[in-house]
Amino acid sequence: MLNETVLVIDFGGQYNQLIARRVREHNIYCEVISYKTSIEEIKAKAPKGIIFTGGPNSVYLDDSPRMTEDIFKLGVPILGICYGAQFMVYGLGGKIGKANESAAAEFGRTECEFDTSSKLMKGLKESSIVWMSHNDYIEELPKGFRAIGHSAKCPYGAIEDPERKFYGTQFHPEVNHTEQGFDMLGNFLYNVCECKGDWTMEGYAETAIREIREKVGSGKALLALSGGVDSSVACKLMAKAIGSQLTCIFVDHGLMRKNEGDEVENAFKDSGINFVRVNAGERFLTKLAGVSEPEKKRKIIGEEFIRVFEEEAKKIGKVDYLVQGTIYPDVIESGTGDAAVIKSHHNVGGLPDYVDFKEIIEPLRLLFKDEVRKLGTTLGLDSKLVWRQPFPGPGLAIRIIGDITPEKVKILQDADAIFREEIANAGLERSINQYFAVLTNMRSVGVMGDGRTYDYTLALRGVSTSDFMTADFSRIPYDVLEKVSVRVVNEVGNINRVVYDITSKPPATIEWE
Ligand code: XMP
């Protein structure tokens, strides 16, 4: 059964993925496609609704993104957002005012009033804050349109042609700053497009399992499991679909967090698949001995990972399918064309191109990260794996500054486990996006009992971020930090000083190496 589909037409706006996520949060499947997509392709997808995203340009620029006006003849409801609304107005014969000719440009939080008799505004408060970000503005509406929202500066903050089911907002309903934005999108999807909301993770799992079975037949599939959310969920899904036809290789490089290797093994060993755990800790540590330069450490681990995987894969022989944990943001970022996208930088080591296989299966390629987590929960995956924070492929190797020894790995694992435990005890687990301990290679003088100590300094790091490209250090309460500090110094040994990292990214990075 095909899901109801809404198409998000990407005009180059910065929030296009966010729009798609909001639609999915309303339990409606949607795809982001380029404005260059042909009208035939759009028709073939039989969309229930279309959303035009914002874009950086003015409709008057020669190189501004445009699509064929046939889009307005499909009889499909359209919601234009910011540039998307201006493109619609312009394309249907209205007029767009240029920013430099008026003082109508608006940026940021703006009070807006709505006409709640419109289907788009049904059930909303008559006035609330919206997020504006535009230079040009809608000056004159095309025939058939009327205003259904306005701000002090903007007479056409929201518009509709209810006959043709065309709607537009000069503001961004998809961002959280627009107080009733989520409900407006819901109104568009349910009241205007008349969607039913058939996109659920239970439904997705069922369909995906059936399709994987049909595709794989009696063939064999191979998956590299890192223990991260994506590969773990992909593994669980594949396990349900094809059981013993799947072999899953988990290379434990010995640089995982405390007990993590066992947690991964426990989550999968009884799932009917061929689960291979390679305990390669000693091998990695031997290669890393005496190496302190961060890039060199990363390179050694990446290469060694490939080698170990290759050796194990050879034992299995030819497989038909290689399973990858690619998710939808990777697909969008690599372009919205039809060509299969093969992500080569997935966690440690990349795609092993020497493994002999016919085809790649990417069972999560339609899902956003939060949907991958929901799917994991639906499939009964251990919640520790579902809610696992991002963890770098090279593991603790880049959280031990300087050279790596088995003793240092043990010290860091124990200290990091205490930090994680106390964050969980304080109920902060899901509000801090990433938190971890770093073993610095600095030693300093302390006093314990009546004696002098000369031991390591442990650094704690916690960041809040949505995209991991920029990050702010988390304001972890002092009493939580104090508990961690006291426990680490008392319970771990070899650490006599604990510091908290209060740099953001930039100028620092999240990891220390
Ligand atoms: P930085 O330190 O660059 O980290 O601010 C940004 C995010 O990426 C994670 N990270 C990695 N993830 N392989 C990965 O899979 C890596 O080599 C790697 N290095 C950094 C980091 O934990 C943070 O979430």
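# A walk through the sheet and its helices

Gly49 and Ile51 point one way from strand 3, while Ile50 and Phe52 point the other way. All four of these residues are buried. In a regular strand the side chains alternate between the two faces of the sheet. The model you are looking at is predicted.

Now look at the neighbours of strand 3. Strand 1 is joined to strand 3 by four bridges, and the two strands run parallel. One pair to find is Ile9, which stands opposite Phe52 in strand 3. Strand 4 is joined to strand 3 as well, by three bridges, and this pair is also parallel. Here Ile50 has Ile78 as its bridge partner in strand 4.

Step back to the whole sheet. How many strands does the open sheet have, and in what order? There are nine, in the order 2-1-3-4-11-10-9-6-7. The pairing is mixed. Why is one side of strand 2 and of strand 7 left without a neighbour in the sheet? Strand 2 (29-34) and strand 7 (127-134) stand at the edges, and each has a single partner strand, so one side of each has no neighbour there. From one strand to the next, the twist averages 25 degrees.

Not every pair in this sheet is parallel. Strand 6 (residues 106-114) and strand 9 (residues 146-150) run antiparallel, joined by two bridges. Follow Glu113 across, and its bridge partner in strand 9 is His150.

Stay with His150 for a moment. Is it buried, partly exposed or exposed? Its relative accessibility is 38%, so His150 counts as partly exposed; the buried class stops under 20% and the exposed class starts over 50%. Leaving aside neighbours within four places in sequence, His150 is in contact with Glu111, Cys112, Glu113, Pro155 and Gly157. Glu113 is thus both a bridge partner and a contact of His150. Thr169 is 19 residues from His150 in sequence. In space, their C-alpha atoms are 9.7 Å apart.

Next come the helices that lie across these strands. Helix 1 (residues 16-25) lies across strand 1 (5-10), strand 2, strand 3 (49-52) and strand 4 (78-81). Helix 1 runs at about 160 degrees to strand 2. Helix 3 (residues 83-91) lies across strand 3, strand 4, strand 7, strand 10 (158-161) and strand 11 (166-169). Its direction is at about 120 degrees to strand 4.

Between strand 3 and strand 4 there is a loop, and Ser64 lies in it. Is Ser64 buried or exposed? With a relative accessible area of 5%, Ser64 is buried, because buried means under 20%. The side chain of Ser64 reaches the backbone oxygen of Leu61 at 2.9 Å. That side chain also makes a polar contact with the side chain of Arg66, at 3.3 Å. Beyond four places in sequence, Ser64 touches Asn57, Ser58, Val59 and Tyr83.

Move on along the chain to helix 9 (residues 294-316). How far apart are the end C-alpha atoms of this helix? They are 34 Å apart. At 1.5 Å a residue, its 23 residues should span 33 Å, so the two values agree. After helix 9 comes Gly317, whose phi is positive, near 85 degrees.

Part of helix 9 is buried. Its buried residues include Ile300, Ile301, Phe305, Val308 and Phe309. Lys297, Glu304 and Glu312 are also among them. What covers these buried residues? The cover includes strand 12 (221-225), strand 13 (246-252), strand 14 (274-279) and helix 8 (281-288).

Helix 8 deserves a second look. The axes of helix 8 and helix 9 come within 10 Å and cross at roughly 145 degrees. The crossing is right-handed. From helix 8, Arg283, Phe284, Lys287 and Leu288 take part in the meeting. Among the residues they meet in helix 9 are Lys297, Ile300, Arg307 and Glu311.

The last stop is Thr453, in strand 18 (residues 451-464). Its relative accessible area is 12%, so Thr453 is buried. A polar contact of 3.0 Å joins its side chain to that of Asn496. Leaving out residues up to four places away in sequence, Thr453 touches Ser444, Val445, Gly446, Val447, Met448 and Asn496.

Key:
Residues are numbered from 1 along each chain as its sequence is written. This is a predicted model: local features need pLDDT of at least 70, side-chain atom pairs count only at pLDDT 80 or more; totals for chains, interfaces and linings use all residues. Side-chain values use heavy atoms; hydrogens and water are left out. Two strands pair if DSSP finds at least two bridges between them. Axes are lines fitted to C-alpha atoms, for helices over the stretch in contact, and angles run from 0 to 180 degrees between N-to-C directions. Contact means heavy atoms within 4.5 Å. Buried means under 20% relative accessible area, exposed over 50%, partly exposed in between (1.4 Å probe, protein chains only). The expected span of a helix is 1.5 Å times one less than its number of residues. A polar contact is a pair of N or O atoms within 3.5 Å; within protein, one must be able to donate a hydrogen and the other to accept it, and residues adjacent in sequence count only if both atoms are side-chain atoms. A crossing is left-handed if the near helix is turned anticlockwise from the far one by less than a right angle, and right-handed if clockwise.
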